[in-house]
Amino acid sequence: MPALNFGQPQAGVFQMAYVVEDIDASMRHWIEQLDIGPWFLLESFRGERPTFRGAPSEAEVALAMSFAGHMLVELIALKDDRPSVWREGVERLGYGFHHFGVGTDDYDAEIARHAERGHALAFECAVPTGGRVGYVDTTAELPGYLEVIELDAPTEAAFTQFYATALTWDGAQPIRPFA
């Protein structure tokens, strides 16, 4: 199995995501209590051409990412009351763990494989790096959703940059813009 530039197997879980009530307070807690940082913050995210349960979506969230070792940690905060995979997760599971993230270089085949297993596509969009993500509903079998992340070169480069920055982080600039 090929490895990603930040050390995880390409097809393995490399992300764990949590929906939080307050993204700023949550980043501070992860920094102060777990020494995880720096955080790369995207204050507004909707995705490009987003769909939720097959219909166009207008939901907006804030998200932040950092690495704990080779694991990418993502924090997500709701910014509105619109229907979304994140709101649905909070309503089903409460705040806290929301999804695992796995990478693929054949996004369409991976989404189709999950459909064959009965995992409905709950959310899908294109992301700022140019790739796509799809959340499949695995909540009947796992403690959350599964995010399938298309690992095109720009997406892997962004994650690798976050990883490299976390490895050498000295505590300065604990919150940075998602670039």
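Let me begin with a word I will lean on: a residue counts as buried when its relative accessible area is under 20%. With that in hand, and keeping in mind that what we have here is a predicted model, we can take His98, which is buried because its relative accessible area is 1%.

His98 is found in strand S7, and a polar atom of its side chain lies 3.0 Å from the backbone oxygen of Val85. If we leave aside the neighbours within four places in sequence, the residues in contact with His98 are Ala17, Tyr18, Val19, Val85, Trp86, Gly89, Tyr135, Gly144 and Tyr145.

Now to the sheet that strand S7 belongs to, which is an open one of 11 strands with mixed pairing, in the order S4-S3-S8-S9-S10-S7-S1-S6-S5-S2-S11. The edges are taken by strand S4, residues 55-56, and strand S11, residues 175-177, and since each has a single partner strand, one side of each is left without a neighbour in the sheet. On this sheet packs helix H3, residues 107-116, which touches strand S7 (96-104) as well as S8, S9 and S10, and whose direction makes about 10° with that of S9. Helix H1, residues 23-34, lies across strands S1, S2, S5, S6 and S11, and runs at about 155° to S6.

Let me stay with strand S9 for a moment. Of the 5 residues in S9, residues 132-136, 4 are buried, so the strand is largely enclosed by the rest of the structure. To one partner, strand S8 (residues 121-126), S9 is joined by 5 bridges, with the two running antiparallel, and here Ala126 stands opposite Arg132. The hairpin of S8 and S9 has 5 residues between the strands, and Gly130 in that hairpin takes a positive phi near 110°. With strand S10, residues 145-150, S9 pairs over 4 bridges, again in the antiparallel sense; in this pairing Gly134 stands opposite Val148, and Val136 stands opposite Leu146.

Strand S10 also holds Glu150, and one may ask whether this residue is buried or exposed. At 17% relative accessibility, Glu150 counts as buried, because the limit is 20%. Not counting residues up to four places away in sequence, Glu150 touches Thr104, Tyr107, Gly131, Arg132 and Thr155. For one of these, Tyr107, the C-alpha atom is separated from that of Glu150 by 5.4 Å, although the two residues are 43 apart along the chain.

That brings us to helix H4, residues 153-167, whose 15 residues reach 21 Å from the first C-alpha to the last, close to the 21 Å expected at 1.5 Å a residue. Among the residues of H4 that are buried are Thr155, Glu156, Phe159 and Phe162, and what covers the buried residues of this helix includes S1, S2, S5, S6, S10 and S11.

Finally, the nonpolar cores. Which residues have the most contacts inside the largest nonpolar core? They are Trp86 and Phe159, in a core of 33 residues. Not counting residues up to four places away in sequence, Phe159 touches Phe6, Phe14, Met65, Phe67, Leu72, Ile149 and Leu151. Apart from this core lies another, of 14 residues, among them Ile23, Met27, Val73 and Trp169. To come back to where we started, Trp86 is also one of the residues in contact with His98.

Note on methods. Residues numbered from 1 in each chain as written. Predicted model: local features only at pLDDT ≥ 70, side-chain atom pairs only at ≥ 80, totals over all residues. Heavy atoms only, no water. Buried < 20%, exposed > 50% of the residue type's maximum accessible area, 1.4 Å probe, protein only. Pairing = 2+ DSSP bridges. Core = buried A, V, L, I, M, F, W, Y, C linked by side-chain atoms within 4.5 Å. Contact = heavy atoms within 4.5 Å. Axes fitted to C-alpha atoms, helices over the stretch in contact; angles between N-to-C directions. Polar contact = N/O pair within 3.5 Å; in protein donor to acceptor, adjacent residues only side chain to side chain. Expected span 1.5 Å × (residues − 1).
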